[in-house]
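Student: I would like a close look at one part of this structure. Please take me through it in detail, then place it in its surroundings.

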Amino acid sequence: MNLYTLRDLSKRYSRGGEAVTIFEGLNMQIAQGDFIAIMGPSGSGKTTLLNMLGGIDRPSSGTIECQGERIDNLSEARLSKWRAAHVGFIFQFYNLMPTLNAAQNVELPLLLTKLSPKQRKEHIATALDIVGISDRAKHYPRQLSGGQQQRVAIARAIVSDPKVLLCDEPTGDLDRVSADSVLEMLQLLNSKLNKTIIMVTHDPAAAKYARRELRLDKGRFIEQESAQ
Ligand SMILES: Nc1ncnc2c1ncn2[C@@H]1O[C@H](COP(=O)(O)OP(=O)(O)OP(=O)(O)O)[C@@H](O)[C@H]1O
Ligand SMILES: [Mg+2]
């Protein structure tokens with residue numbers, strides 16, 4: 001089943017009064033349950049595209065449908081509700097709050113929901129358990145390794161059970177061993193929990209964990225040879 005349909009998508013910025021086109025006429029379908037790696041040179045628009053898929057940024061023209069619903073033209077209020085229900089973000093530098101412990105960081109997306117404190121606790125415990133870091137629930141980010149911090153960030157991304165995980169260079173700051181363990185985790189979330197994963201990466205070894213590899217270059221997508 002189709003999850004995302006992008007039609008004739010373009011993004012332009014004005015820089016010093018001059019219009020700069022990042023991409024133009026981009027068409028793509030993303031199936032539910034897919035795991036896609038997006039590669040491409042720096043500045044090719046990978047983060048911009050991910051932000052559009054997550055409803056953080058909007059296209060200059062063209063449409064984005066997710067499960068048959070247009071998200072490119074939703075009001076800010078409806079978009080932030082849509083975001084909370086449908087997508088989890090994972091970033092290169094984890095973006096954890098330094099003053100909150102692991103469990104409190106994971107709780108953040110739940111504060112926007114109607115769940116009771118008891119239900120929130122259960123969700124947090126499940127998410128920490130899935131990423132195998134329950135024993136660090138009370139630790140603060142500075143007390144955790146990079147790999148452990150990224151696991152907490154993954155727990156935060158999945159705690160409200162979104163269908164889609166959008167990952168922007170999730171292993172860009174990790175050594176090979178921690179990177180592989182994070183990538184195995186993403187693969188598991190894809191294969192066992194049926195999360196659709198769209199991952200931007202500069203690392204060809206990371207891209208191999210995906211089901212499909214795409215290259216974004218000069219505003220076009222080029223499908224790479226099948227990863228698996
Ligand atoms: N808010 C903005 N205003 C103007 N230009 C922007 C803005 N955001 C991004 N850009 C430009 O759009 C282009 C694409 O940026 P983007 O961050 O999507 O690239 P990227 O492929 O993620 O690069 P990297 O691999 O370095 O992360 C860049 O040239 C960037 O300078
Ligand atoms: Mg980027």
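Tutor: Start with the hairpin of β4 and β5. Two residues sit between its strands, and one of them, Q67, takes a positive phi near 50°. The model is predicted, so read every value here as computed from it. Q67 is not a glycine, yet its phi is positive. The residue belongs to the loop that links β4 and β5. Is Q67 buried, partly exposed or exposed? Its relative accessibility is 35%, and buried would require under 20% while exposed would require over 50%. Q67 therefore counts as partly exposed.

Now the strands on either side of that loop. β4 and β5 are antiparallel and are joined by two bridges. C66 faces E69 of β5 across the hairpin.

Step out to the sheet. The hairpin strands belong to an open, antiparallel sheet of four strands, ordered β2-β1-β4-β5. Which strands stand at the edges? They are β2, residues 18-31, and β5, residues 69-70. Each has a single partner strand, so one side of each has no neighbour in the sheet. Strands of a sheet pair through backbone hydrogen bonds, in either the parallel or the antiparallel sense.

Follow the pairing across the sheet. β4 is joined to β1 by five bridges, again antiparallel. Within that pairing, R7 has T63 of β4 as its bridge partner. On the other side, β1 (residues 2-15) pairs with β2 over 10 bridges, also in the antiparallel sense. There R15 is bridged to E18 in β2.

A helix packs on this sheet. α1, residues 46-53, touches β1, β2 and β4, the last spanning 61-66. The direction of α1 makes about 125° with that of β1. How many of its eight residues are buried? Six are, and α1 is mostly covered. The buried set is K46, T48, L49, L50, M52 and L53. After α1 comes G55, with a positive phi near 70°.

For comparison, look at another hairpin, that of β9 and β10. Here too there are two residues between the strands, and K218 takes a positive phi near 50°. K218, like Q67, is a residue other than glycine. It is found in the loop between β9 and β10. Its exposure class is where the two part. K218 has a relative accessible area of 76% and is therefore exposed, whereas Q67 is partly exposed. The strands of this hairpin are β9 (residues 212-217) and β10 (residues 220-223), antiparallel over four bridges. D217 stands opposite R220 of β10.

The second hairpin lies in its own sheet. Six strands make up this open sheet, in the order β6-β7-β8-β3-β9-β10, with mixed pairing. β6 (87-90) and β10 are the edge strands, each pairing on one side only. On average, neighbouring strands here are turned by 20° against each other, direction ignored. One parallel pair is β3 (residues 35-39) with β8 (residues 196-200), over four bridges. In that pair, I36 has I198 of β8 as its bridge partner.

Helices pack on this sheet as well. α2, residues 76-86, touches β6 and β7 (164-168), and its direction makes about 75° with that of β6. α5 touches β6 and β7 too, with its direction at about 165° to that of β6.

α5 also has a helix partner. The axes of α5 (residues 146-158) and α6 (residues 176-191) come within 9 Å and cross at roughly 20°. Angles under 35 degrees count as roughly parallel, and α5 and α6 therefore fall in that class. Their crossing is right-handed. From α5, the contact takes in G147, Q150, R151, I154 and I158. From α6, it takes in S178, S181, V182, M185, L186 and L189. By class, the contact residues divide into six nonpolar, four polar and one charged.

One last residue: H123, in helix α4 (residues 117-130). H123 is partly exposed, at a relative accessible area of 32%. Leaving aside residues up to four places away in sequence, H123 touches L110, L115 and V159. H123 and A155 are 32 residues apart in sequence, and their C-alpha atoms are 9.8 Å apart.

Notes
Residues are numbered from 1 along each chain as its sequence is written. Chains are lettered from A and ligands numbered from 1 in the order in which they are written. This is a predicted model: local features need pLDDT of at least 70, side-chain atom pairs count only at pLDDT 80 or more; totals for chains, interfaces and linings use all residues. Side-chain values use heavy atoms; hydrogens and water are left out. Two strands pair if DSSP finds at least two bridges between them. Axes are lines fitted to C-alpha atoms, for helices over the stretch in contact, and angles run from 0 to 180 degrees between N-to-C directions. Angles under 35 degrees count as roughly parallel, over 145 as roughly antiparallel, 65 to 115 as roughly perpendicular and the rest as oblique. A crossing is left-handed if the near helix is turned anticlockwise from the far one by less than a right angle, and right-handed if clockwise. Contact means heavy atoms within 4.5 Å. Ala, Val, Leu, Ile, Met, Phe, Trp, Tyr, Cys and Pro count as nonpolar, Asp, Glu, Lys and Arg as charged, and the others, Gly among them, as polar. Buried means under 20% relative accessible area, exposed over 50%, partly exposed in between (1.4 Å probe, protein chains only).
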